[in-house]
Amino acid sequence: MADSDRVQDALAAYLEHLEVGGAEPDVSHLTAGERGELSELLDALELTEGIAFGRGPREPSAAPEPATPEGERLLEELRDLLPPGARLAGDDNRLVAAIGDVTVVDRFVIGTFGGRVRVWLVDAPGAGAVEEDDSALGDLEHVFRMFPDMAAVALVGRDLTCLVVEPEDTAPRIRVPSGSLVSRRYKRAIGPVGETLPRYLDELVPYWDPMPAFDRDGGIRIDVAEIAGDHVRAAMDAQRRLGERSRTRPKKDALSALGDSEVRSIDAVVQGLFDGSIEPGDVESRIERVAGR
């Protein structure tokens with residue numbers, strides 16, 4: 001019987017491998033049944049709508065075939081601007097022929113682990129023609145319902161200006177605090193595809209610089225033993241001064257008798273807390289033992 005937790009852990013490790021690269025996860029600890037279940041899950045991911053996940057970032061993307069000269073220019077632009085790990089393929093889906101009154105002439109899909117972005121070249125001088133079309137947002141709402149895995153659609157004009165549309169742009173919103181409906185609107189400004197699309201992809205999949213190696217020989221070193229000893233001695237001195245001012249004989253004798261032995265014992269407790277050899281719950285009993293000496 002397959003252990004679902006182990007399979008899910010292996011799937012998470014495999015997805016991390018696909019996203020950031022590195023060695024393929026070792027699944028030798030899985031049983032034959034668990035490996036079969038893992039393979040079925042990976043195959044299911046391959047069959048999801050849009051661009052395939054692939055078997056790692058080094059696998060070449062499917063080669064799109066633009067239908068127009070403008071599509072060729074857009075494809076070259078996309079190849080230059082895509083971040084590491086993103087995959088580019090042709091969009092074979094032809095269910096959407098137009099957005100509003102503007103025809104879609106070339107289609108690509110950018111696959112990332114933050115979501116898929118469809119990039120559609122439209123038969124218009126610029127992306128502003130879509131923004132000015134009153135029926136475009138209604139059509140785009142249907143597009144997002146057709147492709148629920150899609151994070152955004154980038155509409156690009158022949159001049160390679162780009163309008164990035166997200167699902168929330170296509171739905172009415174409620175104005176707070178009045179509760180009245182606000183009409184659909186485009187949130188993002190139109191700009192050159194080489195600027196607008198990378199900016200959006202950076203939001204979708206932030207790039208993290210590699211973690212620098214820690215220099216164990218540099219930086220500030222903290223001597224816990226010395227600091228703890230200083231604090232303990234200061235606390236003991238304060239208690240002795242209280243004892244000297246006390247008018248009660250037992251209290252005066254007890255506090256005045258505090259010395260190096262107690263300092264060393266409490267200092268050992270502090271260091272034990274720091275290195276983990278003493279649990280926080282044991283501190284009180286340790287202090288009681290010191291006081292009982």
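**Note on strand 4 and the nonpolar cores**

1. In strand 4, Gly115, Val117, Val119 and Leu121 point to one side, while Arg116, Arg118, Trp120 and Val122 point to the other, and every one of these residues is buried. The strand is accordingly described as mostly covered, with 8 of its 8 residues buried. The model under discussion is a predicted one, and the remarks below should be read in that light.

2. Strand 4 has a pairing with strand 3 that is antiparallel and extends over 8 bridges. A hairpin of 2 residues connects strand 3 to strand 4. Within this pairing, Arg107 has Trp120 of strand 4 as its bridge partner.

3. Strand 4 also pairs with strand 5, here in the parallel sense and over 6 bridges. Arg116 has Met150 of strand 5 as its bridge partner in this case. Arg116 belongs to the group of strand 4 residues that also contains Arg118, Trp120 and Val122.

4. Which members of the largest nonpolar core touch the most other members? They are Leu74, Leu78, Ile110, Val117, Val119 and Leu197, out of 24 residues in that core. At least two residues of the core come from each of helix 3 (69-81), strand 3 (102-112), strand 4 (115-122), strand 5 (150-156), strand 6 (161-165) and helix 6 (193-204). Helix 6 provides the largest share, namely 5 residues. Val117 and Val119 point the same way from strand 4, together with Gly115 and Leu121.

5. Leu78 illustrates the packing of this core. Leaving aside residues up to four places away in sequence, Leu78 touches Leu88, Phe108, Ile110, Val119 and Leu197. A second core, separate from the one around Leu78, has 21 residues, including Val96, Ala124, Leu137 and Met150. Met150 is thus both a member of that second core and the bridge partner of Arg116. As general background, nonpolar side chains tend to be buried together in soluble globular proteins.

6. For the protein overall, the secondary structure amounts to 10 helices and 9 strands. Of its 293 residues, 36% count as buried. Where contacts join residues at least 6 apart in sequence, 61% of them link residues at least 24 apart. The exposed surface of the protein is about 17,800 Å², of which carbon and sulfur atoms supply 52%.

Terms used
Residues are numbered from 1 along each chain as its sequence is written. This is a predicted model: local features need pLDDT of at least 70, side-chain atom pairs count only at pLDDT 80 or more; totals for chains, interfaces and linings use all residues. Side-chain values use heavy atoms; hydrogens and water are left out. A nonpolar core is a set of buried Ala, Val, Leu, Ile, Met, Phe, Trp, Tyr and Cys residues joined through side-chain atoms within 4.5 Å. Buried means under 20% relative accessible area, exposed over 50%, partly exposed in between (1.4 Å probe, protein chains only). Contact means heavy atoms within 4.5 Å. Two strands pair if DSSP finds at least two bridges between them. Accessible areas come from the Shrake-Rupley method with a 1.4 Å probe; for residues, only the protein chains shown count as cover.
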